[in-house]
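Ready for some practice in reading a protein structure? Take a look at the model below, then work through the exercises one by one.

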Amino acid sequence: MTHQELWQTVLAQIQLNISPANFATWFTNTKIVCQEEGTVTVSVPNSFAKEWLEQKYNKEILKILRTLDLSIKEIIYQIELPATKIKENSRRAEPQELPAEQLGFAELETDKETNLNSKYSFQNYIIGPFNELAYAAAEAIIKEPGKAYNPLFIYGGVGLGKTHLLQAVGNELSKGSSPYKVKYIPSDKLISVIVNSIRNNSIESLKSDLRKVDVLIVDDVQFFAGKEKTQEEFFHTFNDLYQKGKQIILSSDRPPKAIPAITERLKSRFEGGMVADVSLPDYETRLAILKQKTLEKNTEVPPRVLEYIAANIQKNVREIESALNRLLIFQKINNKVPSFEEAKKLLRTIIVSPSKFTNPTRIIQAISEFYDLEDKSLFCSSRKKEFVKPRQLAMYLLRKELSFSFPAIGRKFGGKDHTTVMHACQLIDREIQESERFSQEVDLILQKIYIMDA
Ligand code: ADP
Ligand code: MG
């Protein structure tokens with residue numbers, strides 16, 4: 001039996017026992033390169049496939065091999081880089097390898113064509129057990145968009161790197177000598193575009209625009225819940241792209257099955273490719289993320305402080321990042337690195353329950369002070385820009401810091417509907433993610449709320 005025949009037999013067996021998506025993720029581009037003295041060497045495309053095969057499939061592969069050739073005792077997995085290997089991931093990235101614009105607080109533009117933000121890349125994406133399946137799937141898609149799995153559906157809790165991963169795939173595919181035509185759309189934006197174009201009778205041109213892309217990325221599709229018209233239009237666009245072999249990538253805060261009020265046919269489309277989750281990062285990964293972020297921001301934080309953050313913020317990478325930002329702002333203001341005790345004080349609002357330390361009055365005060373407004377003007381109904389943003393931020397912080405319900409916030413602001421409040425919170429959340437400057441503003445306000453006169 002040749003190496004190739006031997007491996008084909010193994011693959012044929014394995015394929016019977018695992019899902020097509022898993023099979024493609026872990027066994028694409030694998031082969032036997034050598035068989036010597038009872039040792040078979042299998043070449044694999046990357047370290048993830050290596051780890052995964054070693055840990056999860058080795059026993060089974062060996063069993064199959066031994067049914068074919070009893071002299072085989074052991075398998076070695078060896079990484080072989082294909083010619084078109086994508087960039088090495090962040091584990092090995094050195095600070096000087098980062099593009100200059102990623103250092104410091106430079107605010108980056110979103111590309112008008114693709115809607116992608118170049119700050120999300122694989123160079124600054126840390127991989128750990130919590131996201132390796134999603135990452136591996138993304139990697140496979142970058143190699144062969146539209147072929148590996150379609151759609152790719154990534155789900156997981158808030159702040160765990162879904163948007164980062166989706167955008168990194170988009171960025172990777174939209175560059176190079178023969179770039180793919182990529183479009184990234186957050187689902188709430190897609191919903192409003194669809195609603196507007198139905199209203200303006202321009203739905204056909206919207207659809208034909210969407211159908212021109214090679215890669216369509218829709219973020220947070222849980223917002224499709226209950227949006228029948230959007231689901232209907234999206235279903236057709238999805239089918240059209242899918243039939244043409246175009247890649248579709250989706251994310252959600254929960255698996256397709258758990259999205260309420262969504263049609264069965266759309267749900268089954270969502271489940272039709274690869275569904276991969278991102279779970280919670282472990283301590284080591286959290287620490288690695290922190291180290292990566294300090295490199296990006298070109299700053300130094302005492303190891304003890306980083307360990308303190310990694311140990312205490314467990315559920316959300318975005319919070320890990322905002323903890324770090326707080327320390328950086330302290331550094332900027334005070335021109336010194338915070339001591340461990342100072343850091344603990346600065347972070348206690350993130351690390352212990354905030355409601356112990358604040359109340360609505362303080363939130364309102366801090367915001368009005370920051371924007372130089374009178375407290376009561378936050379509650380007026382003026383649509384002037386200088387009032388609207390602070391008012392939306394106040395709603396957001398009441399929700400975020402004190403877990404007020406949307407209707408309760410609505411009542412506080414002169415009987416506004418809860419959907420208005422939800423919308424405000426979404427807008428602010430998005431702006432915090434997209435604008436470094438605004439997110440710093442919010443951090444400063446939080447410092448005012450929690451620290452200045454604590
Ligand atoms: P989600 O879309 O799941 O809510 P995001 O992609 O917006 O989460 O991630 C929140 C923040 O955490 C972003 O600034 C992102 O860059 C960062 N982040 C998340 N996961 C990682 C990771 N694995 N490596 C580096 N940064 C990460
Ligand atoms: Mg997101």
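Helices (H or I, at least four residues) and strands (E, at least two) are DSSP runs, and they are numbered from the N terminus. Keep in mind throughout that this is a predicted model.

**Exercise 1. Find where leucine 116 sits and decide whether it is buried or exposed.**

Step 1. Place the residue: leucine 116 belongs to the loop between strand E3 (74–79) and helix H4 (132–143).
Step 2. Recall the cut-off: buried means under 20% relative accessible area.
Step 3. Apply the cut-off: leucine 116 has 1% relative accessibility, so it counts as buried.
Step 4. Add a distance: leucine 116 and methionine 395 are 279 residues apart along the chain, and their C-alpha atoms are separated by 28 Å.

**Exercise 2. Describe how strands E1 and E2 are joined, and then place threonine 41.**

Step 1. Start with the direction: strand E1 (residues 31–36) and E2 run antiparallel, joined by 5 bridges.
Step 2. Pick out one facing pair: lysine 31 is opposite serine 43 in E2.
Step 3. Look at the turn: E1 and E2 make a hairpin with 2 residues between them, and glutamate 37 in that turn has a positive phi of about 45°.
Step 4. Now find threonine 41, which is part of strand E2 (residues 39–44).
Step 5. Judge its cover: threonine 41 is buried because its relative accessibility is 9%.
Step 6. List its neighbours: leaving out residues up to four places away in sequence, threonine 41 touches Lys31, Ile32, Val33, Cys34, Ile76 and Gln78.

**Exercise 3. In which sense do E5 and E6 pair, and how many residues of E5 are buried?**

Step 1. Check the sense: E5 and strand E6 (residues 215–219) pair in the parallel sense, over 5 bridges.
Step 2. Find a facing pair: valine 182 is opposite valine 215 in E6.
Step 3. Count the cover: in strand E5 (residues 182–186), 4 of the 5 residues are buried, making the strand mostly covered.

**Exercise 4. Compare the accessibility of serine 439 and lysine 189.**

Step 1. Locate serine 439: this residue is in helix H18 (residues 436–452).
Step 2. Classify it: serine 439 has a relative accessible area of 10%, so it is buried.
Step 3. Name its contacts: apart from residues up to four places away in sequence, serine 439 touches Asn325 and Ile432.
Step 4. Locate lysine 189: this residue is in helix H6 (residues 187–199).
Step 5. Classify lysine 189: with a relative accessible area of 40%, it is partly exposed.
Step 6. Add a distance: lysine 189 is 147 residues from lysine 336 in sequence, and the two are 42 Å apart in space, C-alpha to C-alpha.

**Exercise 5. Work out what surrounds ligand 1.**

Step 1. Count the shell: 20 residues surround ligand 1, and the closest are Ile126, Gly159, Lys162, His164 and Glu321.
Step 2. Sort the shell: its residues divide into 8 nonpolar, 8 polar and 4 charged.
Step 3. Look for polar contacts with oxygen atoms of ligand 1. A side-chain N or O atom of threonine 163 is 2.8 Å from one. For histidine 164, a polar side-chain atom is 2.7 Å from a ligand oxygen. For arginine 318, the distance is 2.9 Å.
Step 4. Read the cover: on its own, ligand 1 has 560 Å² of accessible area, and the protein covers 95% of this.
Step 5. Name the elements: helix H5 (162–173), helix H10 (283–296) and helix H12 (317–334) each give two or more residues to the shell.

**Exercise 6. Examine the backbone at proline 151, asparagine 298 and aspartate 372.**

Step 1. Know what to expect: most residues other than glycine have a negative phi, and most peptide bonds are trans.
Step 2. Check the bond: from asparagine 150 to proline 151 the peptide bond is cis, with omega near -5°. Proline 151 is in the loop between H4 and strand E4 (152–155).
Step 3. Turn to asparagine 298: its phi is positive, about 55°, although it is not a glycine. Asparagine 298 lies in the loop between H10 and helix H11 (303–312), and its relative accessible area of 60% makes it exposed.
Step 4. Finish with aspartate 372: its phi is positive, near 60°. Aspartate 372 is in the loop between helix H14 (360–371) and helix H15 (385–402), and at 70% relative accessibility it counts as exposed.

Key: Residues are numbered from 1 along each chain as its sequence is written. Chains are lettered from A and ligands numbered from 1 in the order in which they are written. This is a predicted model: local features need pLDDT of at least 70, side-chain atom pairs count only at pLDDT 80 or more; totals for chains, interfaces and linings use all residues. Side-chain values use heavy atoms; hydrogens and water are left out. Buried means under 20% relative accessible area, exposed over 50%, partly exposed in between (1.4 Å probe, protein chains only). Contact means heavy atoms within 4.5 Å. A residue is near a molecule or strand if one of its heavy atoms lies within 4 Å of it. A polar contact is a pair of N or O atoms within 3.5 Å; within protein, one must be able to donate a hydrogen and the other to accept it, and residues adjacent in sequence count only if both atoms are side-chain atoms. Accessible areas come from the Shrake-Rupley method with a 1.4 Å probe; for residues, only the protein chains shown count as cover. Ala, Val, Leu, Ile, Met, Phe, Trp, Tyr, Cys and Pro count as nonpolar, Asp, Glu, Lys and Arg as charged, and the others, Gly among them, as polar. Two strands pair if DSSP finds at least two bridges between them.
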